[in-house]
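Colleague: I'm new to this protein and would love a close look at one part of it. Could you start at the surface and then show me what else is worth seeing?

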Amino acid sequence: MSMAGSLRKVTGLGGVGGLRKVARLARRRPRVDLNHPARSPLGSSVVNCVTYQDGVRVPGCADVVDAVRKVRRSGEGFVWLGLHEPTVGEFAGIAELFDLHPLAVEDAVEAHQRPKLERYGDTLFAVFKTVCYVEHEQLTATSEVVDTGEIMVFLGEDFVVTVRHGRHGSLGPLREELEAHPGQLAKGPAAVLHAIADHVVDDYLSVTDAVQGDIDQVETDVFSENGARADPGRIYQMKRELLELKRAVVPLSRPVEDLATRPIRVVDPEIQAYFRDVLDHLLRAKEQIAAFDELLNSILQAHLAQVTVAQNEDMRKITAWAAVIAVPTMVCGVYGMNFDHMPELHWRFGYPLVMGVMAVGCLVLYRGFRRNGWL
């Protein structure tokens, strides 16, 4: 089978039979949201395929192979192919068409990769972790705060292939925003890579701002009047969610720094200046996450200290009441002994005197403990 035929089989673009196959696959798979006007349902995993020349979208992209052939024949423009969670079989023809390295293809299909930047010949492979803040009415010990996904980008001189994993991180609005600035798109595929990196890092900043609200709420609850009784599970949950965010943000520093400083063939030097701005925003998000981590550690330590203080106060109260009760216990124990010759044993006012001594002793102890803050 030819390369074009293989790709048509993968993407479902080969005639009526292919479209029927796409319909069957779409019924079996979870459907991708295709309501955005910048998308077109070209296949079970293909979200969009667009050709750009001089930064302007070329109408019609019915076949990926034809689009790539036209771009390479003219030597102008590039093809942007977007996919969502493709399978190995669906990606095989695309990998063959763009001559993508098998290791990078495996990473793109399997997902769950660490943010990185790799070069395979003239092709650049970048992995970005996308994050999304999960809205919730009240933070609990099981609340999901941060949801993550992935965007893989294959970048060549005349193509951009984006592979998205996860329920969020749609590139449709980003594509429209780029199309509104043809001067930026005219700089080539590197402009798309910059836009994706900038979009991902901006989401980091938005999520960190939202997470700060949850941390502030936890801090307020811990330092409230009943802070010792606050649920520590919420603090641990915030630390777990913050760790998820940290895994997405921190490893991306080195790849973005390479894009901003190291000479890369497929990245125009003019675009590298834009990556420096992305790096600045990324470092800001990284610093915020580090500060949140330290703050949560301090909140946790403060909560544990409050619990210890509360336990000490309870123990002091128990000890004080035990001391008060010890006075009548001791007197009653003495006069409960069966001896004939005991002081005031047969005196008429002996019983009231003993009861009065016990009452006075208990009152003196109670006022003393009360004055010292034990009761």
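Colleague: Which residues form a nonpolar patch on the surface, and about how much accessible area do they have together?

Modeller: Happy to help! Please keep in mind that this is a predicted model. The patch is made of Met330, Val334, Tyr335, Met337 and Leu345, and together these residues have about 430 Å² of accessible area. Leu345 sits in the loop between helix 11 (269–335) and helix 12 (350–371). With a relative accessibility of 33%, Leu345 counts as partly exposed.

For contrast, let's turn to the interior. Strand 3 (residues 78–84) is mostly covered, with seven of its seven residues buried. In a regular strand, side chains alternate between the two faces of the sheet. Here, Phe78, Trp80, Gly82 and His84 point one way, while Val79, Leu81 and Leu83 point the other way, and all are buried.

Strand 3 also has partners. Strand 1 (residues 46–53) pairs with strand 3 in the antiparallel sense over six bridges, and Val50 has Trp80 as its bridge partner. Strand 7 pairs with strand 3 in the parallel sense, also over six bridges; there, His84 stands opposite Arg164.

Trp80 is a good residue to follow from here. Together with Tyr52 and Phe78, Trp80 forms one aromatic cluster. Arg175 lies over the face of Trp80, at 4.0 Å from the ring centre.

What about aromatic rings elsewhere? A search of the whole structure finds six aromatic pairs. One of them joins Phe98 and Phe159: the ring centres are 4.6 Å apart and the planes meet at 35 degrees, so this pair is tilted. Phe98 belongs to helix 4 (residues 88–98) and Phe159 to strand 7 (residues 159–165), so the pair ties together parts that are 61 residues apart in sequence. Phe98 is buried, with a relative accessible area of 4%, and Phe159 is buried with a value of 4% as well.

Phe125 and Phe154 make another tilted pair, at 4.7 Å centre to centre and 35 degrees between the planes. Phe125 is in strand 5 (residues 123–133) and Phe154 in strand 6 (residues 146–155), so this pair ties together parts 29 residues apart in sequence. Phe125 is buried, at 0% relative accessible area, and Phe154 counts as buried at 1%.

So there is your tour: Leu345 in the patch is partly exposed, since its accessibility is 33%, whereas Phe125 is buried at 0%.

Key. Residues are numbered from 1 along each chain as its sequence is written. This is a predicted model: local features need pLDDT of at least 70, side-chain atom pairs count only at pLDDT 80 or more; totals for chains, interfaces and linings use all residues. Side-chain values use heavy atoms; hydrogens and water are left out. Rings of Phe, Tyr and Trp (its six-membered ring) pair if their centres lie within 6.5 Å; planes under 30 degrees apart count as stacked, over 60 as edge-to-face and the rest as tilted. Helices (H or I, at least four residues) and strands (E, at least two) are DSSP runs, numbered from the N terminus. Buried means under 20% relative accessible area, exposed over 50%, partly exposed in between (1.4 Å probe, protein chains only). A charge sits over a ring if NZ of Lys or CZ of Arg is within 6 Å of the ring centre and within 35 degrees of the ring normal. Patches are made of residues with over 30% relative accessible area and no salt bridge: like charges are joined within 9 Å, nonpolar side chains (Val, Leu, Ile, Met, Phe, Trp, Tyr) within 5 Å. Accessible areas come from the Shrake-Rupley method with a 1.4 Å probe; for residues, only the protein chains shown count as cover. A salt bridge is a side-chain nitrogen of Lys or Arg within 4 Å of a carboxyl oxygen of Asp or Glu. Two strands pair if DSSP finds at least two bridges between them.
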